[in-house]
Amino acid sequence: MPNRLTQETSPYLLQHKDNPVDWYPWGEEALSKAKELDRPIFLSIGYSACHWCHVMERESFENGEIASLMNDLFVNIKVDREERPDIDSIYMSAVQSMTGHGGWPMSVFLSPDGKPFYGGTYFPNEDRGGMPSFPRVLTAIAEAYRERRDEITHTSTRIVNAISAQSSARMSVEPIAQTMFHSAYRHLAPEFDWQHGGTGLQPKFPQPMMYEFLLAHAELQGNEPAQEFVELTLTKIARGGIYDQVGGGFHRYSVDSVWLVPHFEKMLYDNGQLATLYLHAWQRTGNPFFSKIVEETLNYLDREMRHRPSGAFYSATDADSEGEEGKFFVWQTREMEEVLGPDLARVAMVYWDATRTGNFEGQNILNMHRPDESVTNELGISVDELTSKIGEAKRLLYAARLRRVPPMTDDKVITSWNALVMRAFAEAGAAFNREDWVAIAVQNAEFILDRLVRDDGRLMRNCKADSGVPASIPGFLEDYAYLADSLTHLYEATFDLRWLEWAEELCDAMIELFWNSADGVFYDTGSDQEALIVRPRDTFDNAQPCGGSAASLALLRCAEFTGNVDLERIGAANLRSMRDLMERAPSAFSWWLQAAQFYASAINQVVIVGARDDPATEALLGEARNGFNPDRIVALVTPGDLDHETSLPLFQGRRMIDGLPTAYVCRNYACELPVNDVKSLQTQLNQNN
C-alpha cells in the first residue's frame, strides 16, 4: 500500500512511495506526529541519481522487518536534497560535525524539535565491513532516546551551536586585491597532478569553478602555468571515461586518479558548468578539441535533457540501469563488432582502448588514453580518415545504445541548475554565432519566467515541465543568484533589454529576501521561508557555487551594466566576509575567488551603437566578443532605442559618430574616444589589457 509520499512530485520521493516504511515528507505533519508520540525522527536525505541511496532502499527500506522496526520506533521523513537544499545543508553540517565526513544517503536521527543527535550516511542491512547493521543502529538509537534523554538533549544542543557558529561571518580588514589571488594560486599549486590532471589522488571531481578561477587568473595576471595546468586537466578529463565518448556530456566524477572509471550519474549542474568552462578554455587557447567538447556537451543537453515543448531542462540521469551501475554506457568488443562491422570496430577499439578483457568488470569504458598520432600510426590511416571513421562509429554506437534500457531521468526542473545551462547556451551561442543555441537559452528563460515566477514576483525552486501543478517551494539564494547572473549573459547574447531589467529586479529582491545587513552576509533561505533549527548559510563552493559566492558575482556583474551602486556595495561587503578563507583554502572557495577577482579588476565596458543587421555593427561586436575576457562586459544599442535606453547610465551620451556604427570603451571611470573601425577598437581593448 503506498505511503504518504504518493502525493509528492519529486521523482526521488516517488521512488519510495511503495516502501513498507511509513514515510512522511518534510513538514508540520511529521514534526507534530513526533512530538505527539514523543518519538525520535529518522531523517533520510538523498536524490534520485544516488547509487548508494538505491542500495540502502533495496536492502533496508524495502525489507518488511526493518520497515516495521522503523515504523514502531521512529517517525520517518524522506527528503529530496535537490528540492530542499536548506534542509540538506543543515543536517549535512551536523553529520560532518559528528562523524568527520558526509555524503548521501544521509541518515540523521533528530529529536521531535528537529535537533540532530546522531547521524551517518549509508548503513548496511547487516553487520558488514566494520559498519553496524541498520537494525542494530535503529534499536540502539531508540533505546538511548528512551533511557538517556538528558544526554541526547545535551548532544543536540552542542551540535546546533556548532552549526550556528559555522555560518557566522568572519569580516576581514584586509583589502580585496591582486596579491590574494597570487597567494590563492600558491596554495593550490602543490595539489596539482601534472601527470593526469586534477588535484589529489582519488576520487577526482571535475571542479569547474577552480579551473574557471585559474583561467581568469591566467588571463588577468599572465599566469601561464595556471593555464597550462587547466589545459592539461581539461584534455585528460575529456579523453577519459568520465566523459561519455559516444553520447557527449560528463558523468559525476572519477573513482580513480586517471579519469577512467566514473560514477555514471549525469548531473545537469555539472554539464552546464563544464560546457561553459570548455568554452572559456577554447576562447583562451584556441584549442579546437575544447570547442568540440562544447558542441558535443550542448548537443547532449539539447537532445537528452531538454523538455523540448517548454525549453526546460531535467535535473539528472541515474547511474544505474537494470539494477547495475554503468550498464547503459559500457561495451563488450563483440557488441562493437556486431554494431560496427570488423573493420570499423578495429578502428574504434584501438581509438577507445577497448579490449577483450575490458577495463571495468569485464567490459569497456570507452576512453582515449593514446594520442591520435599513435592511433593513426598503428592503423596506417590519416588523422582526417580517423576523424571520419570515429564520427561514423559514434553515430552507430549511439543508435545501438538507444535500444538499451536507459537510466532513469529525474525530470524535476530546478531553477538554479537551469540557469547554469542557460548561461552555457547563451555564451556559446554568442561565441560560435549559433543562433539556435541562443534561442534555446531564450526559451529556457521564458519557461522560468512563465512557470517558476509566482504572481507576486516570488521566484520558485522547481516544478515539473509537463505538469500543470504550480511550483510550491520558494526559491533559495542560489536560485536568485544563478538566474540573475545568467540573465546578464543572456543579455550579452541577445541585447534584449528585458533580460537585463529582470536581472536587476532579481538582484533587488535577492537583497530584500536574503541579505542580513546586521550580520553582513547572505543567508540561503529567504526571510519569508520556513524557520528551521538554524538559518542556513553554506559558504563552501562544492559541486556548484554556493549561494553567497554566486550572489556577489551576480550583483557585481549587474552593477556594471546598470550603474546600480547599491548592488556593487553589497556584493563587495559580502565578499569581505570570506576574504581570508578564500585566500587560505582556495579549493573550497573557488567561486568566491572568481567573484573577488571580478571585483578587483578594472572592468572594460564596451558599448556599441548601431543597427543590429549592419555588417559594420557585426564587425565591431565580433571584436568586442573575441577571446576570453573575464574583465569585460559588452552592450549594444540601436539608434532607434536610445531614447528608451537612456535610463541606464551605460547608454547615456552614446551616439553614432558620422552616421556609422560606433564603439565606446570605458574603464576605471574613464572613456576612450569613440571609434568606428575594428582596428581602432582592437587597439583600445589591447591597450587596456
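Which residues are linked with Arg 423 in a network of salt bridges? In this predicted model, the network joins Arg 423 to Glu 427, Asp 485, Glu 492 and Arg 557. The legends below take this and other close-up views in turn.

**View 1. Salt bridges of the predicted model, with the pair formed by Asp 244 and Arg 401 at the centre.** A search of the whole structure finds 48 salt bridges, and in the one shown here the closest N and O atoms of Asp 244 and Arg 401 are 2.9 Å apart. Asp 244 belongs to the loop between α10 (224–239) and β6 (253–254), whereas Arg 401 lies in helix α16 (residues 383–401), so the pair ties together parts that are 157 residues apart in sequence. Both partners fall under the 20% limit that defines burial, Asp 244 having a relative accessibility of 5% and Arg 401 a relative accessible area of 1%.

**View 2. Salt bridges with partners that are exposed or partly exposed, formed by Arg 136 with Asp 127 and by Arg 454 with Asp 456.** The closest N and O atoms of Arg 136 and Asp 127 are 2.5 Å apart, and Asp 127 counts as partly exposed at 42% relative accessibility. For Arg 454 and Asp 456 the corresponding separation is 3.0 Å; here Arg 454 is partly exposed, with a relative accessible area of 37%, while Asp 456 is exposed, with a value of 57%.

**View 3. The edge-to-face ring pair of Tyr 269 and Trp 417.** The ring centres of Tyr 269 and Trp 417 are 4.7 Å apart and the planes stand at 70 degrees, so the arrangement is edge-to-face. Because Tyr 269 lies in helix α11 (residues 268–285) and Trp 417 in helix α17 (residues 415–432), the pair ties together parts that are 148 residues apart in sequence. Tyr 269 is buried at 4% relative accessibility, and Trp 417 is likewise buried, with a relative accessible area of 3%.

**View 4. Further aromatic pairs, with Tyr 185 and Phe 192 shown beside a cluster of rings.** The structure holds 37 aromatic pairs. In one of them, Tyr 185 and Phe 192 have ring centres 6.0 Å apart and planes at 65 degrees, so this pair is edge-to-face; Tyr 185 is buried, with a relative accessible area of 14%, and so is Phe 192, at 8%. Elsewhere, ring pairs link a cluster whose members include Trp 23, Phe 42, Phe 61, Phe 74 and Phe 134.

**View 5. Arginine side chains placed over aromatic rings.** The charged end of Arg 4 sits over the ring of Tyr 24, at 4.0 Å from its centre. Arg 434 lies over the face of Trp 437, and the distance to the ring centre is again given as 4.0 Å.

**View 6. The largest nonpolar core and the surroundings of Tyr 278.** This core has 199 residues, of which Phe 134, Leu 214, Tyr 278, Trp 352, Leu 487 and Phe 522 touch the most other members. Helix α20 (residues 497–514) gives the most to the core, with 11 residues. When residues up to four places away in sequence are not counted, Tyr 278 touches Leu 234, Ile 237, Ala 238, Phe 250, Phe 290, Ile 293 and Val 294. A second, separate core of 25 residues has Leu 31, Val 75, Ile 159 and Leu 532 among its members.

Methods
Residues numbered from 1 in each chain as written. Predicted model: local features only at pLDDT ≥ 70, side-chain atom pairs only at ≥ 80, totals over all residues. Heavy atoms only, no water. Core = buried A, V, L, I, M, F, W, Y, C linked by side-chain atoms within 4.5 Å. Buried < 20%, exposed > 50% of the residue type's maximum accessible area, 1.4 Å probe, protein only. Helix = DSSP H or I, 4+ residues; strand = E, 2+ residues; numbered from the N terminus. Contact = heavy atoms within 4.5 Å. Phe/Tyr/Trp six-rings, centres within 6.5 Å; stacked < 30°, edge-to-face > 60°. Lys NZ or Arg CZ within 6 Å of the ring centre and 35° of its normal. Salt bridge = Lys/Arg side-chain N within 4 Å of Asp/Glu carboxyl O.
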